[in-house]
Amino acid sequence: MSKQHPRNVSGYSDAAVAAAYDRLLVPYHLAAPARDLVAMLGLPAGSLVLDVGSGTGAAAVAAAEEVGPEGLVVALEPSLEMLRLLHEKHVCRAVAGLAPGLPFPADRFDAVLANFVLSHFRSYEPALRDMIRVLRAGGGLGLTTWGAGQTEFMRVWKEVAGEFVSNERLQRAAEEVVPWEERFRDSAHIQRALEDTGLVGVEVKRQEYRVTIGLTDYLALREATIEGRFLRQEFGAEQWHAFRQRAIAVFQGRFSEPIKYSRVINLALGRKPPARETSGVASPRRASR
Ligand SMILES: C[S@@+](CC[C@H](N)C(=O)[O-])C[C@H]1O[C@@H](n2cnc3c(N)ncnc32)[C@H](O)[C@@H]1O
């Protein structure tokens, strides 16, 4: 299935966004599920791992710890600013690119990861098929998505945003960047997508993650999300300043420090079968390393 988007609204290629992403979203929201996803894959030391849509490396860093110095993690990401921050961590090989269109031969990797990336693909089936193509037979494809439900804090932040821009526009902007976010909140849809692209032994776990964060960091984190990036792009300096002041006033009035919430996340794993069991994925002949 495919969804088009008319312009680049993702903002991941902006240096300030990438820095805020790495400082806030990674430690508060993305690193813990990435670690659990890597644990679910059970990567032996020495494995060759591909992290697709690596961002600044939440999953690549976790995978590098598992595979050790004899292994290799390759991180693929379209945003050069994200790659620059990842490069500074010296844990893996960073490659600029997109899925589909992975610049690797078939049947090469022991595992492929995609931490919070599935919902970003314009067409998720070709992207999944390409990730399976580069996976060796028996290798695991692991991915995460946001589960259902929004926190009280997200609701209040969106209420404040709604004083400045219609909720419909905010939602449309998010859909342009993550067209499949709503669909893949549902674990049954993830299961189906992975099985339809030929993976076997698919399991999807729903796991709850608790977050404790100060108000200032929380508001800065929201500004680094898709909706926050959209508002910053849309507003002039004056309106942006007014919006931020209003958000601080509302949050300080309603909540005390620190704020605490939990988020449900889907962690999914499937394995590539030998060639005769696979429909529509490439030959499992393993290229030599
Ligand atoms: C929500 S971020 C997750 C980043 C990282 N996996 C993490 O856990 O921090 C989604 C990432 O997917 C990347 N992305 C978007 N479309 C992509 C595509 N077609 N192929 C590869 N990466 C893509 C974005 O640039 C962004 O860095």
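A residue is called buried when its relative accessible area is under 20%. This cut-off will be needed below, where the aromatic residues of this predicted model are discussed.

The ligand offers a suitable starting point. It is surrounded by 17 residues, and the closest are Tyr-21, Gly-53, Glu-77, Ala-99 and Asn-115. By character, this shell divides into 11 nonpolar residues, 5 polar ones and 1 charged one. Several polar atoms of the protein lie beside atoms of the ligand. In the side chain of Glu-77, an N or O atom is 2.6 Å from an oxygen atom of the ligand. A polar backbone atom of Ala-99 is found 2.9 Å from a nitrogen atom of the ligand. For Tyr-21, a polar side-chain atom lies 3.3 Å from a ligand oxygen atom. How much of the ligand does the protein bury? Taken alone, the ligand exposes 600 Å², and the protein buries 92% of that area.

The aromatic residues come next. The model contains 16 aromatic pairs. One of them joins Phe-116 and Trp-146 in a tilted arrangement, with 4.7 Å from centre to centre and 35° between the planes. The two partners are 30 residues apart: Phe-116 belongs to the loop between β4 (109-115) and α4 (124-133), whereas Trp-146 belongs to strand β5 (residues 135-146). Is Phe-116 buried or exposed? Its relative accessibility is 12%, which is under 20%, and therefore Phe-116 counts as buried. The same cut-off applies to Trp-146, which is buried because its relative accessible area is 15%.

A second tilted pair is formed by Phe-153 and Tyr-261, whose ring centres are 5.9 Å apart and whose planes meet at 50°. Phe-153 lies in helix α5 (residues 152-162) and Tyr-261 in strand β7 (residues 259-271), so this pair ties together parts of the chain that are 108 residues apart in sequence. Both partners are buried: Phe-153 has a relative accessible area of 7%, and Tyr-261 has one of 8%. These two residues also take part in a cluster, in which ring pairs link Phe-153, Tyr-218, Phe-251, Phe-255 and Tyr-261.

Aromatic rings in this model also have charged groups as neighbours. The charged end of Arg-229 sits over the ring of Tyr-12, at 4.2 Å from the ring centre. In a similar manner, the charged end of Arg-222 sits over the ring of Trp-157, 5.7 Å from its centre.

Methods
Residues are numbered from 1 along each chain as its sequence is written. This is a predicted model: local features need pLDDT of at least 70, side-chain atom pairs count only at pLDDT 80 or more; totals for chains, interfaces and linings use all residues. Side-chain values use heavy atoms; hydrogens and water are left out. A residue is near a molecule or strand if one of its heavy atoms lies within 4 Å of it. A polar contact is a pair of N or O atoms within 3.5 Å; within protein, one must be able to donate a hydrogen and the other to accept it, and residues adjacent in sequence count only if both atoms are side-chain atoms. Accessible areas come from the Shrake-Rupley method with a 1.4 Å probe; for residues, only the protein chains shown count as cover. Ala, Val, Leu, Ile, Met, Phe, Trp, Tyr, Cys and Pro count as nonpolar, Asp, Glu, Lys and Arg as charged, and the others, Gly among them, as polar. Rings of Phe, Tyr and Trp (its six-membered ring) pair if their centres lie within 6.5 Å; planes under 30 degrees apart count as stacked, over 60 as edge-to-face and the rest as tilted. Helices (H or I, at least four residues) and strands (E, at least two) are DSSP runs, numbered from the N terminus. Buried means under 20% relative accessible area, exposed over 50%, partly exposed in between (1.4 Å probe, protein chains only). A charge sits over a ring if NZ of Lys or CZ of Arg is within 6 Å of the ring centre and within 35 degrees of the ring normal.
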